[in-house]
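Colleague: Thanks for making time for this. Could you walk me through the model, one question after another?

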Amino acid sequence: MPVSLLHLIEHRLSDHRAGRKRLRRLRQRSAVAIILSVREGELHILMIKRAEREGDPWSGHMAFPGGRMEPDDAHGYAVAHRETEEEIGVHLDDCARCIGRLSDITAGPRGVLGMFISPFVFCLEKPVEFSPNYEVAEVVWVPLEFLMDSSKRETMVWKRRGLSMELPCYIYKGRRIWGLSLMMLDELMDLVEGRNPQRKLWRR
């Protein structure tokens with residue numbers, strides 16, 4: 001089942017037309033790597049918990065390896081590779097293959113136009129060892145089966161600048177998965193099983 005599920009994801013991604021933001025080359029950009037691996041009989045997704053850092057808007061959040069595009073980066077794919085190696089010490093060319101990409105999403109307002117995130121999906125093909133840098137508190141493997149269980153989906157109240165909003169989330173072993181990361185995961189899960197009424201259309 002885990003291997004066939006991985007094959008299904010690869011097949012669906014090959015036909016998937018990921019949404020791309022207009023004028024993306026003229027705006028601030030970043031990219032992340034969503035890494036899949038069959039572990040102990042289950043398909044898992046690699047996530048990181050970001051280190052607590054003052055002034056970092058994503059401090060302590062669950063996320064995927066990734067970061068902002070630098071002038072030397074040729075494209076988003078290169079960003080995902082570079083940031084994965086910098087953050088967790090994994091050189092994707094040596095251990096994984098890219099099986100597709102998901103839609104660009106907007107990471108809140110940065111300046112007037114905001115910053116776009118491009119998610120690339122990889123399949124890990126051999127065991128790796130992690131060497132997290134100062135930006136990463138821990139590396140966590142999250143079972144896809146856990147995320148696809150609608151009974152595990154919860155809600156949280158997000159507050160900022162006097163405003164509050166109810167948002168979906170998961171709590172996996174005490175770690176909250178929400179926000180931008182959950183937007184990406186929801187698109188991936190929609191590819192696997194189609195639209196689920198428990199996953200409301202809240203993505204931007």
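Colleague: Let me start with one residue: is N133 buried or exposed?

Modeller: Keep in mind that this is a predicted model. N133 sits in the loop between β7 (115-124) and β8 (136-143). Its relative accessibility is 19%, and the cut-off for burial is under 20%. N133 therefore counts as buried.

Colleague: Which backbone nitrogen does the side chain of N133 reach?

Modeller: Setting aside neighbours within four places in sequence, N133 is in contact with E86 and E87. The polar partner is another residue: at 3.0 Å, the side chain of N133 reaches the backbone nitrogen of E135.

Colleague: Another loop residue caught my eye. Which side chain makes a polar contact with the side chain of D73?

Modeller: D73 lies in the loop between β4 (66-68) and α2 (76-88), and it is buried, with a relative accessible area of 12%. The side chain of D73 reaches the backbone nitrogen of E70 at 2.7 Å. Beyond four places in sequence, D73 is in contact with R68, A78, V79 and R82. The side-chain partner in the polar contact, at 2.7 Å, is R82.

Colleague: Stepping back, how many helices and strands does the protein have?

Modeller: Some totals first: the protein has 204 residues, and buried ones make up 51% of them. Its accessible surface comes to about 11100 Å², with 50% belonging to carbon and sulfur atoms. As for the elements, there are five helices and 11 strands.

Colleague: And among contacts between residues at least 6 apart in sequence, what share joins residues at least 24 apart?

Modeller: One pair shows how distant parts of the chain come together: W178 and M62 are 116 residues apart along the chain, yet their C-alpha atoms are separated by 7.7 Å. For the protein as a whole, the share you ask about is 64%.

Colleague: Now to β7. How many of its residues are buried?

Modeller: Let's take the two directions in turn. M115, I117, P119, V121 and C123 point one way, F116, S118, F120, F122 and L124 point the other way, and all are buried. The strand is mostly covered, and the count is 10 of 10.

Colleague: Which strand runs parallel to β7, with nine bridges joining them?

Modeller: We can go through the pairings of β7. Strand β5 (residues 96-101) pairs with β7 in the antiparallel sense over five bridges, with C98 as the bridge partner of F122. Strand β6 (residues 105-106) is also antiparallel to β7, over two bridges, and there I105 has I117 as its partner. In the parallel pairing, Q28 stands opposite M115, and the strand joined to β7 by nine bridges is β1 (residues 28-39).

Colleague: In the open sheet of three strands, which are the edge strands?

Modeller: The order is β9-β10-β11, with antiparallel pairing. An edge strand pairs on one side only, and that leaves β9 (153-160) and β11.

Colleague: How many bridges join β9 to β10?

Modeller: One of the bridge pairs is R160 with L163 in β10. In total, β9 and strand β10 (residues 163-172) run antiparallel and the number of bridges is eight.

Colleague: Is W178 buried or exposed?

Modeller: W178 is found in strand β11 (residues 175-178). Not counting residues up to four places away in sequence, W178 touches H61, M156, W158, L167, P168 and C169. Its relative accessibility is 17%, so W178 counts as buried.

Colleague: Which helix lies across β9, β10 and β11?

Modeller: The helix in question covers residues 179-193 and runs at about 65 degrees to β11. It is α5.

Colleague: Last one: what angle do α1 and α5 make where they pack?

Modeller: From helix α1 (residues 2-15), L5, L8, I9, R12 and L13 meet L188, L191 and V192 in α5. The two helix axes are 9 Å apart, and the packing angle is about 100 degrees. Because angles of 65 to 115 degrees count this way, α1 is, relative to α5, roughly perpendicular. The value you wanted is about 100 degrees.

Key. Residues numbered from 1 in each chain as written. Predicted model: local features only at pLDDT ≥ 70, side-chain atom pairs only at ≥ 80, totals over all residues. Heavy atoms only, no water. Helix = DSSP H or I, 4+ residues; strand = E, 2+ residues; numbered from the N terminus. Buried < 20%, exposed > 50% of the residue type's maximum accessible area, 1.4 Å probe, protein only. Polar contact = N/O pair within 3.5 Å; in protein donor to acceptor, adjacent residues only side chain to side chain. Contact = heavy atoms within 4.5 Å. Areas by Shrake-Rupley, 256 points an atom, 1.4 Å probe, with all protein chains shown as cover. Pairing = 2+ DSSP bridges. Axes fitted to C-alpha atoms, helices over the stretch in contact; angles between N-to-C directions. Parallel < 35°, antiparallel > 145°, perpendicular 65-115°, else oblique.
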